Structure formats: C-alpha cells, structure tokens
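Hi,

Here is the structure I promised to pass on. Have a look at it first, and my notes follow underneath.

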Amino acid sequence: MRRPFAMSPFGAPRAHVPASRNGDIIILCMANGKVGIFFGTSTGSTEQAAYLIQEEFGDDADGPFEIDGIQGSVAAEFAKYDSLVLGTPTWNTGADTERSGTGWDEIYYGEMQDLNIAGKKVAVFGLGDSVSYTENYADASGELHDVCESLGAKMMGFTSQDGYEHEASKAIRGDKFCGLLLDAVNQEELSEDRVKAWVAQLRSDGFLDGSDGSATADPVVVAAPTSVAPVSKIEDAPTNIHKELENNSHLLDQNIAVHSSDSSGFVPYKNLKTGKTMWTSPDGRSCYYTL
C-alpha cells in the first residue's frame, strides 16, 4: 500500500521514500495535487468570491490563498496543484498593465515569468463594476489570463457575456469573457448562481482530470540501505544513514539531470541556504526535494 506524501520544509508535497523489505531499492514517487485557488484583493470582495468557488469545488480544491502571502514562493505553491483557479479585482481602470491594484501586479512581469506552468489547467475569475466602469469592466481579468496563457497554461472557463451591463472589457476574448466575471456592486444576487454554473462547467470540461496529456517522468529507482532503524526525525538518524541518504540523493540528482536534457525532464532549483534541490516537472504539476 502506498503511504501518504510528507510535507517538505518549504510547505510543498515531497516524495515519500519507502524502503523495500529486502532493503534493495528506494522508489521516489512524485506528488500530484488537485485544484489550488489563489486570489488578490483590496476590499475583500474577491476573497469572498474565492470562498464561494472553493465551497462549490468542495474537497476537490484547496485554499483560497491570497497572492500576497506566497510572493517569493509562487512556483512552489502552484506546483502543488494539477489545476489553478486565479482571481483578481480591477482597480487601475483603463491601464495597459498592472490593472489589478493587488499583489498580482508585483509579480506578473517578475516572479511569474519564471514559472513553469506549460500545460497546466488554469481558469481565471474577476470582479468589477459593470455600471460605473462600463467601458473597462473587470479589465484586470484579461491581464491575468494573458500572463498565464503566455506561459503556456491551458486556459479554461470562458463564459458568455449575456446578462451583464458592460459595454466593453479587456477581459473579452472572441465573443466570450476569458473567465468568470462577477459584479458584486450591481449584480451581487447573481454571484452564487454564476459560481455554481462556472464550477459545473469546469468539471464538465475536464478541469479536474488528473492528466492533461503532458509527459511525466517515470519513478526513479536508486540503491537503498540494507537496514534502516525507524526514526522520528531525519536529524536523529545515525551518521552512516545520513551519509547513505546524501549519496543516494546525489545519485538521484545525477540521474534526473541526465534525463533533463529534453523537454520532458524535471528542472532543478537549488536552495543554496539549505542545500536542498527542488525538482519541478515541465508542466508544473509535480515537484519533490532532494538533499
């Protein structure tokens, strides 16, 4: 029986390392998450919408998490999940870029440009005032969509413009909105039904399917110690076990480095402070850590 994944010191799921009874191999399995919900907010309205969405997904989603709280670790947080739901308000009305007035603006053209989310399923939602800002309704949703799409994400969750009071929006793609748009000022009574319909649409379109067709790495097998006494903390392990784990970790790093020469390999990100290496799959759907 496969044992559950542990949590790494960075907060991301890491590979659990089970030793066989004969002590001859260790198999590293990569964790895959579910739906992660992230949002930016100024007044709290987008946060409220994020909670409505999470409630509709139920146990299939984690969060919601405010983007301000994960700046500096966006890649590790996004890598926990197969699919992402990302939300934003619009405050810098009419601006060409940085339209949200939230933490998203600080990472769009910085930290997010280093994300590896090619092939990851992403759906965006946004809030705006379709009456007072009828020419720029929920513009920031369009920018959030465009940034993710430019990084190779599979964008989902487009919705009809029917029933809204806007005249124009930078969140329109073709004849549809690029995601779920809500108007908590003028149409708050419609928000709950719109959320229910949107989540049902995402489910129907395969947003929760575990595989998006992207290549994934095979489990990596390395030599294991012949006998390991159980310990509650890695720090409590005997010196020789520390050494064997370190050697096996280096073997794993070398093994994956060899297989990372093409587009299907995991990409290493070494933390010089801790000495640990985070390996992220090309589609951003899984990651694990080595010493």
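A contact here means heavy atoms within 4.5 Å. Counting contacts with a separation of 6 or more, 69% of those in the protein are between residues 24 or more positions apart. Keep in mind that this is a predicted model.

Some overall numbers: the protein has six helices and 16 strands. Of its 291 residues, 46% are buried. It exposes about 14200 Å², with carbon and sulfur atoms supplying 50% of that.

I spent most of my time on helix H1, residues 45–57. At 1.5 Å a residue, its 13 residues should span 18 Å, and the end C-alpha atoms sit 19 Å apart, which agrees.

So which residues of H1 are buried? They are Thr 46, Ala 49, Ala 50, Ile 53, Gln 54 and Phe 57. These cover an arc of only 140° around the axis, which means they lie on the same side of H1. The spacing fits the usual pattern: an α-helix has 3.6 residues a turn, so residues three or four places apart point the same way. On the face turned away from that buried side you'll find the exposed residues Gln 48 and Glu 55.

What covers the buried residues of H1? The cover includes strands E4 (35–39), E5 (61–66), E6 (83–88), E7 (121–127) and E12 (179–182), along with helix H5 (191–204).

One last detail for your backbone plots: just after H1, Gly 58 takes a positive phi of about 65°.

Cheers

Key
Residues are numbered from 1 along each chain as its sequence is written. This is a predicted model: local features need pLDDT of at least 70, side-chain atom pairs count only at pLDDT 80 or more; totals for chains, interfaces and linings use all residues. Side-chain values use heavy atoms; hydrogens and water are left out. Helices (H or I, at least four residues) and strands (E, at least two) are DSSP runs, numbered from the N terminus. The expected span of a helix is 1.5 Å times one less than its number of residues. Buried means under 20% relative accessible area, exposed over 50%, partly exposed in between (1.4 Å probe, protein chains only). The arc is that of the directions from the helix axis to the C-beta atoms. Accessible areas come from the Shrake-Rupley method with a 1.4 Å probe; for residues, only the protein chains shown count as cover.
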